[in-house]
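Below is a brisk report on one protein model, written for a computational chemist. Start with the sequence and the coordinates.

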Amino acid sequence: MTKDKVTPMSPEKLVKKYYSEMGTKEWRRLVRDAYQRLEFDTTMHFLKKYLPKKGLILDAGGGPGRYTIGLAKLGYKLVLFDLSSEMLKIAEKQIKKANVQQNVKQIIQGSIDDLSLFKDNTFNAVICFGGALSHLIDETRREKAIDELIRVAKKGSPIFVSVIGKLAVVISELVSFPKEIEIKEVFQSIRDTGDYHGGYGFAPCHFFLPEEIKASLQKRKVAILEMAGLEGLSCGHRKETNTLFKKYPNAWKIWWETHLETCTHPCAVAMSAHFLIVSEKQSS
Ligand SMILES: C[S@@+](CC[C@H](N)C(=O)[O-])C[C@H]1O[C@@H](n2cnc3c(N)ncnc32)[C@H](O)[C@@H]1O
């Protein structure tokens, strides 16, 4: 991360600004290379494992709509919800391009800590991926968002959340931004609280330890089904992962199997840049 030149703004405005400037880069993020695809393909793997065969899904913080489109293609009905109007404009275009408009019932701008537009027990599944929850740096709002994601899910339905992992960020400071280790408001704040307040090339963010999101969900009426590291053992090894994919297709198949076998190991979860937690809203 490198220091931005910005005037003071609320965390929410900084998040909106960041994603409006990201534009189509965010749309391409998950398919840029084999390493990035691990996040998308691993998430899709667990979606296929736990989603009901059909139904209405809320894609909360769905951004430019990769998952909305992926799931709409599988026949699910979707509501796409995001903070950034720019992300939603891109999503609209891509949804049309993919010709899945008939399955995308609504596209709505808002913050995931206020889903009051939706009644309790509305959706057959709720997904919130790629760090939308991490971008709520205020703990009270973050906790409210978790309540909201659960509230709008039908009883017995799966709730999938992926967040940005704190340990991977700490390691990336060592590998890519060593000078920042001296900057208290960046490195020590992330190390000690998980909070990054913005100003150094990324939007404000709370980086999670697995036990933190797990404990937060366990306080509520949900059962934890599974956790997975989305980059898993490849985390931090972009070049090697991409080389394997490009040059050694047979080895890649074995690596992908290895990834699926190991990504639920607590170490792989904790070390991943993004990790997924799958839970189910309790019926009573
Ligand atoms: C890294 S993108 C992930 C997009 C998509 N879920 C994915 O995984 O491809 C993070 C998204 O979260 C959205 N976001 C951030 N804070 C949010 C909030 N409080 N409510 C709703 N969306 C939010 C951003 O606008 C952005 O589109």
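Ser 279 touches residues from several stretches of the chain in this predicted model. Beyond its neighbours within four places in sequence, Ser 279 is in contact with Ser 157, Pro 158 and Ile 159. Leu 217 is another partner, and so are Val 222, Ala 223, Ile 224 and Leu 225. Ser 279 sits in strand S9, which covers residues 274-281. Its relative accessible area is 1%, so Ser 279 counts as buried, the cut-off being under 20%.

Leu 56 offers a second view of a strand residue. It is found in strand S1, residues 56-60. At 22% relative accessibility, Leu 56 is partly exposed. With neighbours within four places set aside, Leu 56 is in contact with Lys 77, Leu 78 and Val 79. Lys 105 also contacts Leu 56, as do Thr 122, Phe 123, Asn 124 and Ala 125. The C-alpha atoms of Leu 56 and Ala 125 are separated by 6.8 Å, although the two residues are 69 apart along the chain.

**Overall build**

The protein has 12 helices and 9 strands. Its radius of gyration is 18 Å, close to the 19 Å that the globule rule gives for 284 residues, so the protein is as compact as a globular protein of that length. Along the principal axes, the C-alpha atoms fill a box of roughly 50 × 50 × 40 Å. Buried residues account for 52% of the 284 residues.

Contacts reach far along the sequence. Among those between residues at least 6 apart, 77% join residues at least 24 apart. The protein exposes about 13800 Å², and carbon and sulfur atoms supply 55% of that area. There are 43 positive and 33 negative charges, and their mean positions are 7 Å apart.

**Salt bridges**

How many salt bridges does the structure hold? The number is 14. Side chains of opposite charge can pair when their charged atoms come close. Three of the pairs are listed here with the distance between their closest N and O atoms.

| Residue | Partner | Closest N and O atoms |
|---|---|---|
| Arg 151 | Asp 120 | 2.8 Å |
| Glu 143 | Arg 220 | 2.9 Å |
| Arg 151 | Glu 148 | 2.7 Å |

Take Arg 151 and Asp 120, with closest N and O atoms 2.8 Å apart. This pair links distant parts of the chain, 31 residues apart. Arg 151 is in helix H6, residues 139-152. Asp 120 is in the loop between strand S3 (104-109) and strand S4 (125-128). Arg 151 is partly exposed, with a relative accessible area of 21%. Asp 120 is partly exposed too, at 47% relative accessibility.

Arg 151 also forms a salt bridge with Glu 148. Here the partners are 3 residues apart in helix H6, so about one helical turn separates Arg 151 from Glu 148. Glu 148 is buried, at 7% relative accessibility.

Now the bridge between Glu 143 and Arg 220, at 2.9 Å between the closest N and O atoms. Glu 143 lies in helix H6, while Arg 220 lies in the loop between helix H9 (210-218) and strand S8 (222-229), so the bridge ties together parts that are 77 residues apart in sequence. Are Glu 143 and Arg 220 buried or exposed? Both residues are buried. The two also belong to a wider group: Glu 143, Asp 147, Lys 219 and Arg 220 are linked in a network of salt bridges.

**Positive phi in two loops**

Two asparagines deserve a look in a backbone check. Asn 99 has phi near 60°, a positive value in a residue other than glycine. Its place is in the loop between helix H5 (85-97) and S3. At 52% relative accessibility, Asn 99 counts as exposed, since the cut-off is over 50%.

Asn 121 has phi near 55°, again positive in a residue other than glycine. Asn 121 lies in the loop between S3 and S4. Its relative accessibility is 32%, so Asn 121 counts as partly exposed.

Technical notes: Residues are numbered from 1 along each chain as its sequence is written. This is a predicted model: local features need pLDDT of at least 70, side-chain atom pairs count only at pLDDT 80 or more; totals for chains, interfaces and linings use all residues. Side-chain values use heavy atoms; hydrogens and water are left out. A salt bridge is a side-chain nitrogen of Lys or Arg within 4 Å of a carboxyl oxygen of Asp or Glu. Helices (H or I, at least four residues) and strands (E, at least two) are DSSP runs, numbered from the N terminus. Buried means under 20% relative accessible area, exposed over 50%, partly exposed in between (1.4 Å probe, protein chains only). The radius of gyration is taken over C-alpha atoms; the globule rule is 2.2 Å times the number of residues to the power 0.38. Contact means heavy atoms within 4.5 Å. Accessible areas come from the Shrake-Rupley method with a 1.4 Å probe; for residues, only the protein chains shown count as cover. Lys and Arg count as positive and Asp and Glu as negative; His and the chain ends are not counted. The place of a charge is taken as NZ of Lys, CZ of Arg, CG of Asp or CD of Glu.
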